[in-house]
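Me: I'd like to learn how to read strands, sheets and packed helices in a model. Could you take me through one?

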Amino acid sequence: MEWFERTKPYEADLIADLNQIVKIPSILDPNTQSDRTPFGVDMARALAKMEELAARDGFRYGRVDNMVTWIEYGPADAAETVAILTHIDIVPAGEGWLRDPFKPEILDGLYFGRGAADMKADLMSAYYAMKYLADHEITLTRKIRLIIGTDEENGWRDLPRYFEVEGEPTMGFSPDGAFPVVNGEKAFQTVQLRFANQTTGDYVLRRFIAGSRPNVVPGEARARVSVPNPAQVQNEFATYLAQYPFLSGQSEVRDQEVRLLLKGVQAHGAYPQDGENAGTYLANFLRRFAFNADAKTFLDFIGRVVHDDIGAENLGLRYHDDVMGDLTLNVGVMRFSQNGQGTILLNFRYPQGVNVQAVTTQVQRHLGDFAATVEVWPGGMEPHLVPETDELVGTLSLVYAKQTGMYMNLRTSNGGSYARLLKRGVAFGGQFPDVPVTSHQANESTPVANLTRSMAIFAESLLKLAK
């Protein structure tokens, strides 16, 4: 019997359990952080739900510092461990959803909900792959551990702590990428610009807000400006939007102050070409007016220097590596508040051959009149590459080729999965090549058929790696 035929009968139960996880808005919540809930109450609820499923299905499980839950199958005393590295945290829902992102639905063969693509569906497919092996009482030599983190979308404070307590697994994969095998991951690093917000004159930028996370392309931006002729700004804004069919927005006048809302296309910051950055477009529009002082340099930097420049060519950072590809830039967060403190967060993804010093040096050189300080955010990662000769890479590649009938070359990713934390770790699934990427976007979805399709690939892979 083919593997997909073996896993298909699990579909209804898999979806039922997935629904329980998607309904929990497991987003970092500073308001409910404590020692027992280090990333918020809903994150703890999500881990508890996975532990409830593990207890139901007879798995061994445990928790590390209330940050990570592990679920295990195979000989407890095995000397070697095959890890499945996952996370249950998600980014905020954002705007533009047609339905409630935390009330999952199936429409036209697609499963909708925040986390459907990144990465609750793949977490559940991996869990059910392990459940399949347990249900059939398959004997293994290596043990399998499903490791579930809660801080992947933010500071990666979870799995490093897990490795300190539990040790590093022998090898593993993270179903938080794409098929076939992603054996290389670019570096990712966020650079913060901090600056004063002084602005006077006839044109005053009262406030500018875009983005919430450095690793998300902002889908919405807002600004408040005081101007001599509000009607002129409104008319020019309408003309500007008409030039770009992928943008929308609205304007409102209150006491000589114009309030602007511009909507672009939200996307994962690892792939800024999939989105349309609302923040840089709004700055690009506003820079035509006679703002002065810090407002002028702020709008010029994000509206000209880094606007529509995902290759960071204007920063002197365009770079290509034949193995790992191009350097990319996402302008993830933009803040300006009159007479306050301003912030811009630039998220870079770069291949081997580039380092963080080169990035920060080039940013500093291209600030021009922008009196901003350049700081490196903690938590960045250097490039990661596992040789194609490794047993892990070969096994996963063959399983994918066998089950899909397609042998595909190894891939490098702009995204950062937990696999990079392992010396012998790769990303593997669950994004299939023929499926649009919806991670971090409104109306995030995954094909229902791919839930057990991924489960089948993971199950055979785990069997071969742990047998």
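Reply: Happy to; we will go through the sheets, a covered helix and a helix pair in turn. Keep in mind that this is a predicted model.

Me: Let's begin with the eight strands that form an open sheet: in what order do they come?

Reply: A useful general idea about strands is that, in a regular one, side chains alternate between the two faces of the sheet. Here the order across the sheet is β14-β15-β13-β11-β19-β20-β10-β21, with antiparallel pairing. At the edges are β14 (248-254) and β21 (372-376), each of which pairs on one side only. From one strand to the next, the twist averages 20 degrees.

Me: How many bridges join β14 to β15, and how many residues lie between them in the hairpin?

Reply: Seven bridges join β14 to β15, and the two run antiparallel. Arg254 faces Glu257 of β15 across this pairing. The hairpin they form has two residues between the strands, and Asp255 in the turn has a positive phi of about 50 degrees.

Me: Which strand is joined to β15 by seven bridges besides that, with Ala223 and Leu260 as bridge partners?

Reply: That is β13, which runs antiparallel to β15. Leu260 in β15 is the bridge partner of Ala223. Five of the seven residues of β15 are buried, so β15 is largely enclosed by the rest of the structure. Further along the sheet, β19 and β20 (residues 341-350) also pair in the antiparallel sense, over seven bridges, and there Asn330 stands opposite Asn347 of β20.

Me: Now the helices. Is α7 mostly covered or mostly uncovered?

Reply: Start from the helix itself: an α-helix has 3.6 residues a turn, so residues three or four places apart point the same way. In this model, helix α7 (residues 278-286) is mostly covered, with nine of its nine residues buried. Among them are Tyr281, Leu282 and Phe285, and also Thr280 and Asn284.

Me: What covers the buried residues of α7?

Reply: The covering elements include the strands β11 (204-210), β13 (220-226), β15 (257-263) and β19 (328-337), along with the helices α6 (230-243) and α8 (293-305). You can see α7 lying across β11, β13, β15 and β19, at about 25 degrees to β13. As for α6, this helix lies across β14 and β15 and runs at about 175 degrees to β14.

Me: How do I describe two helices that pack, such as α10 and α11?

Reply: Two packed helices are described by the angle between their axes and the distance between the axes. For α10 (residues 391-404) and α11 (residues 449-466), the angle is about 140 degrees and the axes are 10 Å apart. The two are therefore oblique to each other, and α10 passes α11 in a right-handed crossing. Residues that meet there include Leu392, Leu396 and Val399 in α10, and Ala456, Ile457 and Leu465 in α11. By class, the contact has seven nonpolar, four polar and five charged residues.

Me: One last sheet: in what order do β4, β5 and β26 come?

Reply: This open sheet of three strands has the order β4-β5-β26, paired antiparallel. β4 (105-107) and β26 (445-447) stand at the edges with a single partner strand each, so one side of each is left without a neighbour in the sheet. Here the twist averages 30 degrees from one strand to the next. Three bridges join β4 to β5 (residues 110-112), and Glu105 stands opposite Phe112 in β5.

Note on methods:
Residues numbered from 1 in each chain as written. Predicted model: local features only at pLDDT ≥ 70, side-chain atom pairs only at ≥ 80, totals over all residues. Heavy atoms only, no water. Pairing = 2+ DSSP bridges. Helix = DSSP H or I, 4+ residues; strand = E, 2+ residues; numbered from the N terminus. Axes fitted to C-alpha atoms, helices over the stretch in contact; angles between N-to-C directions. Parallel < 35°, antiparallel > 145°, perpendicular 65-115°, else oblique. Left-handed = near helix turned anticlockwise from the far one by under 90°. Contact = heavy atoms within 4.5 Å. Nonpolar A, V, L, I, M, F, W, Y, C, P; charged D, E, K, R; others polar. Buried < 20%, exposed > 50% of the residue type's maximum accessible area, 1.4 Å probe, protein only.
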